[in-house]
Amino acid sequence: MKTDTPVVTHLADYKPYGFKIDTVTLDFDLNPDATIVRSKLHISRDGDADDLFLNGEDIRLIDLKLNGQLLKKSQVKISKTGLTISGVPNEFTLEITTQCAPDKNTSLMGLYVSGGRFCTQCEAQGFRRITYFPDRPDVLSKYTVRMTANKAQFPTLLANGNKIDSGDLDAGRHFAIWEDPFPKPCYLFALVAGGFDRISDSFTTMSGRDIRLDIFVDPGDAGRAHYAMGALKRSMKWDEEAFGREYDLDRFMVVAVRDFNFGAMENKGLNIFNSALLLADEATATDMNFEHIESVVAHEYFHNWSGNRITCRDWFQLCLKEGFTVFRDQEFSASQRGAALQRIKDVIALRSRQFPEDAGPLAHPVRPSSFMKIDNFYTATVYEKGAELIRMLKLIVGPDDFRKGSDLYFESLDGTAATIEQFINCFEQVSGKDLSQFMRWYAQAGTPDVHIETAYDDSEQSFTVTLTQSTKPTPGQPDKQTLMIPVKLGLLDKNGENTAERLVVLIEKTTQIQFDNVTSRPVLSAFREFSAPVNISINRTLDDTLLLMNSDEDLFNRWEAGQALARDILADLTRAIESGTEPKNTAAMRGYVDAIGRVIRDKTIDPGLKVLVLGLPSDGAILQTLSTASNGGTDPLAVRQAIKLLRRAIADHHVNAFLKLYRTMSEPRPFTPDAEGAGRRALRNTCLSYLAEIPGKNALILALNQFENATNMTEEFAALLILTRLGGKRAENTLEKFFEKWQNNPLVIDKWFSVSALQKLDKVKTLTNHPAYQGANPNRVRSLIGGLAAGNPEQFHRFDGAGYQFLADNILAMDKVNPQVAARLLGVFEIWGKLDKPRQNLIKGQLVRILKAKPSANVIEIATKSLG
């Protein structure tokens, strides 16, 4: 139980650290229950600081020497958060010996044990759990690391950089010494020790250097690491071609661990991955797993320059490394899987995760101005919206100047801890553009609204577009400024021919654009490629929307037209259900269902794009749409029923087309994890999911047959998901069979828990006592508890509040073990303000209950902000 009042850190209070630490020598005597860490720091004063403060938490100080002399107790002040040494000279050597207990470290921050192996996670503030040190990103040092351990238990000893020595010692122990020649902040420090299988390869850089590549995995998992190795080599090649960035060390290593708070970590030369984002083969991983692995491997590799060689001055600049790197990995994925499809997927993710964040009590700028725990700001706003800002920047300055600005950034700030201002200044220098107004995006929370009106003058043959921007108040920011917003506009004639395209940059509240020599009233295609992360409203007719859906050459806006129409239809259906009136078969619904039929039957459309067009807006998107129109709140189960009604209408209307397409996509082909193969499998599974909306045994027979005869996890898991949603004894038997088949594969059992979370709440509760459930493992907790909250609205949003109470119970339990994971689970409650009043009160009651339990600072911050 925590009772201390959390301290709020403010960007405005930043001050440089008063000392430089040029070199750090670390010596680890590794034992799971008691690891001894000896550090030697060469320190010099760099400012007017009188005392030296070093962060430190949950470690025991054994001794402390300054220039070889033990310090007296009177010279040292130790607290829960660190130690202060008074009266230090201008230049000195500090030697610190500490002890920690890795096997008892359930927070998974600092040095801990996972599956009998040592592992570290130091971002953002984990290094202070290893030794006393200024745990902040603007202190850059060169590291040399020596490790000793029992050779039989821990045969592999890894750290950042290049290995310079190793050998055997007495008593069955051995050692290794690693040296990293590049200065880095302590959050990029990494150490791994244990028994692993390894696959190795090499990559020849553009300058002709051969880089050794190693991936270390649990024994028996080597065969499932080859896809990640291929993704690594593709990303290394792409970064050379797209950004001119060559890898700098002699060796690049990746390690997979089972217990990990995040997806992966970009430690210099030694990336550590959650095994769920590294291991894959067709039998055990879905196409989504393959796609995520490709993206995350690239993301962590790209950090070598955008994050490691140039890091953040302070944690408020987190978006500097993460926003830029997410943009880079999105561009890489677009090159691998198709630009239009990738853009649509990125926007789906943005709208499902970041837009609700921007519209809720946890709204914060891309660069926050304060925090209690920086761990809570690894958010969609910092990452995904941060990437959208980079994408807008590229549009505003143009692709050539964007590349020049990126080159200037990498070259001029290499080896430094930088700020957003320094980054943006590089693009101002090369483009000559004033980007001061663009900087407002980093300081202002909330999703802008852009209202568009159009007018056609037949006599002048001119078409006028009027765009008005505004941003709603967010917590702590009642008044909003106008933003610099790039808008890609296109025009279509009545036959669907694309006749014009223009890029406009909004800087005023209202901007008017005129197209001349337009011979007939056109249809406007606005914000092509989703040129800015905004909400759009436009005076568009149903015929205009259907024309865009059928004919827009911009594939994103072709998809978006369908989504916009579906959002309106689902909002109307939800209102009807809430009011108890009979939902109407409107012209909009008929037009949308017919348009979907044309997509199903069009053989020229890529299967992957068909899947995206067939996907309806999410429950969260409809809640957001309705919350914008009314402050009364919405019944989330009415939203779910509306989605089911529209899916049923589509299925009934096109049952034969779905069945024919399902059979076509079922034709046997060799498995490939690329976009083409994944698209065909996704389309097959989408057809089956629509067929399952129709009562009767036909879909059940198809799903059972697919489950029994599946040759890959994508098809097997999709069938399992559909059978579970259909319910009944058959679903229970299928779940049991799946578990028995895969019970020895932890990553597949995570999948089993996620689909098991779709059952009745009482059944889900019993699964927390299942022998395979691991309440301290983030992956397992996210699969079951997160799976219920995100994927089972009927049970999570039960009117008696039992679903909310179950989540709160698990948050409180997890908080005692791992506050970071607990706080992330708590973020699910941020939607409470969009729900109907009874559910709002139920969630508020759980938030108050959580706060009364005196939780960690991580949980306090999220709970208090959620309550407003």
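Student: Which helices each supply at least two residues of the lining of the largest cavity?

Tutor: Two helices do, in this predicted model: α10 (555-579) and α12 (607-614). Of these, α10 gives the most to the lining, with three residues.

Student: How is empty space found in a protein at all?

Tutor: A probe the size of a water molecule is rolled over the atoms, and this shows where empty space is left. Here the count comes to one cavity of 30 Å³ or more.

Student: What volume does the largest cavity have?

Tutor: About 70 Å³. Now look for its walls. The lining residues are Met549, Leu555, Arg558, Trp559, Val599, Ile605, Leu609 and Val613.

Student: How do the lining residues divide into nonpolar, polar and charged?

Tutor: Seven are nonpolar, none is polar and one is charged.

Student: Next, helix pairs. At what angle do helix α1 and helix α2 pack?

Tutor: At about 45 degrees. Find α1 at residues 226-243 and α2 at residues 287-302. Their axes lie 9 Å apart. The two helices are therefore oblique to each other. The crossing of α1 and α2 is right-handed.

Student: Which residues make the contact of α1 with α2?

Tutor: From α1 come Tyr227, Ala228, Ala231, Leu232, Arg234, Ser235, Met236, Trp238 and Asp239. From α2 come Phe290, Ile293, Glu294, Val297, Ala298, Tyr301 and Phe302. By class, this contact of α1 with α2 has twelve nonpolar, one polar and three charged residues.

Student: How far apart are the axes of helix α3 and helix α4?

Tutor: They are 7 Å apart. Helix α3 spans residues 318-337, helix α4 spans residues 339-358, and they pack at about 135 degrees. That angle makes α3 oblique to α4. The crossing of α3 with α4 is right-handed.

Student: Which residues of α3 and α4 make the contact?

Tutor: On α3, pick out Gln330, Ser333, Ala334 and Arg337. On α4, pick out Ala339, Leu341, Gln342 and Asp346. Sorted by class, the contact of α3 with α4 holds three nonpolar, three polar and two charged residues.

Student: Where along the chain are helix α22 and helix α24, and at what angle do they cross?

Tutor: Helix α22 covers residues 778-791 and helix α24 covers residues 802-815. Their axes cross at roughly 150 degrees and come within 10 Å.

Student: Why is α22 called roughly antiparallel to α24?

Tutor: Because angles over 145 degrees count as roughly antiparallel. The crossing angle of α22 and α24 is roughly 150 degrees, and that makes α22 roughly antiparallel to α24. Check the handedness too: α22 passes α24 in a left-handed crossing.

Student: Which residues make the contact of α22 with α24?

Tutor: Val781, Ile785 and Leu788 of α22 meet Phe806, Leu807, Asn810 and Met814 of α24. Six residues of this contact are nonpolar, one is polar and none is charged.

Student: Now the backbone. What sign does phi have in most residues other than glycine, and are most peptide bonds cis or trans?

Tutor: Phi is negative in most residues other than glycine, and most peptide bonds are trans. Start with Asp58. Its phi is positive, at about 55 degrees, although Asp58 is not a glycine. Asp58 sits in the loop between β4 (52-55) and β5 (60-66).

Student: Which residues does a cis peptide bond join?

Tutor: Glu123 and Ala124, with omega about 5 degrees. Look for Ala124 in the loop between β11 (117-121) and β12 (141-150).

Conventions
Residues numbered from 1 in each chain as written. Predicted model: local features only at pLDDT ≥ 70, side-chain atom pairs only at ≥ 80, totals over all residues. Heavy atoms only, no water. Axes fitted to C-alpha atoms, helices over the stretch in contact; angles between N-to-C directions. Helix = DSSP H or I, 4+ residues; strand = E, 2+ residues; numbered from the N terminus. Parallel < 35°, antiparallel > 145°, perpendicular 65-115°, else oblique. Left-handed = near helix turned anticlockwise from the far one by under 90°. Contact = heavy atoms within 4.5 Å. Nonpolar A, V, L, I, M, F, W, Y, C, P; charged D, E, K, R; others polar. 1 Å grid on protein atoms, 1.4 Å probe; cavity = no way out; pocket = protein on both sides within 12 Å on 5 of 7 lines; lining within 4 Å. Points joined across faces, edges and corners; volume = space filled by probe spheres on them.
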